[in-house]
Amino acid sequence: MHDVTNALRMRRLALALVVAMVAALTATAVSLMPASGNSLPKPSEVEVEVVTSGMKVTWEAPDTSNANLPGQLLSYKVERQEGLSGDWADFIKDTKSTTTALIDTTGGTSGRFEAGIAYFYRVSAIYDDGNDGTRTSDPSHHGVRVAPSYPMPTDLEREDSTEGTELEWVPPDLSDPDLASVPTKTGYALTVNGSSGSTFTLAATASTYTHSSGDFKDSYEIITLYGVWESREARFAQGTPPPVPAPTNLDGSAKAQGLEITWDAPDTSSIDLDIDIVGYEILRRRAKPAFETIQSNTNSTSTTHLDNLTEANGYFIAGQAYTYQVRAIYRDDDYYEYRSDPSESSTVWVPNYLKPDDFSSEISGGDIELDWDAPTISWNANRSGLDGYKLTIVTPDNSSTTVSFDTSNTSYTYEPDDTGIYVFQIVATYGVFSSRIEVEVVSIGGS
């Protein structure tokens, strides 16, 4: 029995010794493992500086004094991001050096550092992994610099003709001593039809350029080049479309439904453009000195237009005069729109539609009794018939209400709420037309 007990004790002691040895070996293995990628020391203090040849990037080497490294520091990876919304991309995957500075002379993806755009840089450290390979740390915090804008061309002018578009500008004046640090001007970049169009690189001595295939529809932008740097974009003014014929023989008259104008279509036989008339713009003026557009585009080649766009009260008032002009609207195969100058003016008078007769008032039992007679009408079919009346009531506190009546009503009883002066204005209505106003003033309470 004693021998069995001793045997069990020896087995337990041997097992405990094995467990202790395994734990020790495991701990040793863990301590010998290199630091993970996320814990590898990374560079710091990344700074970006503008120099003549590009963006100079500098950084501090990683602090490896207390790190358990897999091997020695070999080199760096540098990433770049263009603009706030850009993506990080490898600028240099491996510098093949432990030098902590470089100059980006690539000028970004466009070949230049674009004026006003921010350029971000960050750096990762590359280490020997101790097994014929490498391991890379996480990237540093970024450094950033906004690309400067150097002097622009000025006094941009253009002239469009059948031979193309001639552009002219004044080169930037770099004689100011304050501009001594500006890089040497190396040329110009001229873009046609915006950033998505063709771009031409011009010599530094250029101050004109003829775009032989250009016309007034083309837009142009130009920048000055300073090596990998540039000025901001200068835009040439929009070209002026060639003149196109206007409508002629504008005339007008009042119809039952409104004021009608007619005109002759323009004579297009002498136009050196492949364009077609697609509509007309209608302009109108009454009391104001300037014409206002009441129909931007009729979308029709019809040379007749009925104006039923009445005044704020909903009517054309008898005796008023409306003056009209018309522009022709053309369009070419590129859907570019041309508008002619306005035609000669023509004035249309609103007919003298008759007012209610004998508009009168009487105070009875505190109420105001209003009466009128229907106008006596005798005219031709071009006049709209009487369809009712509108009565506007202005109270002593200067508030107003409007009451409508059909042709069967020629009287109205009004119950005043206060003493003072009441003003009653009545018109006869004829479709979109109205008569002039008849006015009756009534005093309540001796005021």
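**Sheets, pockets and selected residues in the predicted model**

Strand 18 (residues 258-264) and strand 21 are paired in the antiparallel sense over four bridges. Within this pairing, Glu260 has Leu306 of strand 21 as its bridge partner. The coordinates analysed here are those of a predicted model. The two strands belong to an open sheet of three strands, arranged in the order 17-18-21 with antiparallel pairing. Strand 17 (248-255) and strand 21 (304-307) occupy the edges of the sheet; each has a single partner strand, so one side of each is left without a neighbour in the sheet. On average, and with direction ignored, neighbouring strands of this sheet are turned by 20° against each other.

Another open sheet is formed by three strands in the order 1-2-5, and its pairing is antiparallel. Here the edges are taken by strand 1 (44-51) and strand 5 (101-104), each of which has a single partner strand, so that one side of each lacks a neighbour in the sheet. The average turn between neighbouring strands of this sheet, direction ignored, is 20°. Six bridges connect strand 1 with strand 2 (residues 54-60) in the antiparallel sense. One residue pair in this register is Val48 with Val57, the latter being the bridge partner in strand 2.

The pockets of the model were examined next. The largest pocket has a volume of about 490 Å³. Its lining comprises 23 residues, and those nearest the centre of the pocket are Asp215, Phe216, Pro242, Asp272 and Leu273. By residue class, the lining of the largest pocket consists of ten charged, seven nonpolar and six polar residues. Strand 9 (residues 154-161) contributes the largest share of this lining, namely four residues.

Strand 9 is also the location of Asp155. This residue has a positive phi of about 50° although it is not a glycine. With a relative accessible area of 56%, Asp155 is classed as exposed, because the threshold for that class is over 50%.

For the second largest pocket, the volume is about 310 Å³. This pocket is lined by 16 residues, of which Arg112, Glu114, Ile223, Glu230 and Glu233 are the closest to its centre. Strand 11 (187-192) and strand 14 (220-226) each supply at least two residues of the lining of the second largest pocket. The greatest contribution is that of strand 14, with three residues. The lining of the second largest pocket divides into six charged, five polar and five nonpolar residues.

Two further residues were considered individually. Asp132 lies in the loop between strand 6 (118-128) and strand 7 (134-136). Its phi is near 60°, a positive value in a residue other than glycine. Asp132 has a relative accessible area of 84% and is therefore exposed, the criterion being a value over 50%.

Thr429, in turn, is located in strand 31 (residues 420-430). At 4% relative accessibility, Thr429 counts as buried, because that class covers values under 20%. The side chain of Thr429 is joined to that of Asp387 by a polar contact of 2.6 Å.

Technical notes
Residues numbered from 1 in each chain as written. Predicted model: local features only at pLDDT ≥ 70, side-chain atom pairs only at ≥ 80, totals over all residues. Heavy atoms only, no water. 1 Å grid on protein atoms, 1.4 Å probe; cavity = no way out; pocket = protein on both sides within 12 Å on 5 of 7 lines; lining within 4 Å. Points joined across faces, edges and corners; volume = space filled by probe spheres on them. Nonpolar A, V, L, I, M, F, W, Y, C, P; charged D, E, K, R; others polar. Pairing = 2+ DSSP bridges. Axes fitted to C-alpha atoms, helices over the stretch in contact; angles between N-to-C directions. Buried < 20%, exposed > 50% of the residue type's maximum accessible area, 1.4 Å probe, protein only. Polar contact = N/O pair within 3.5 Å; in protein donor to acceptor, adjacent residues only side chain to side chain.
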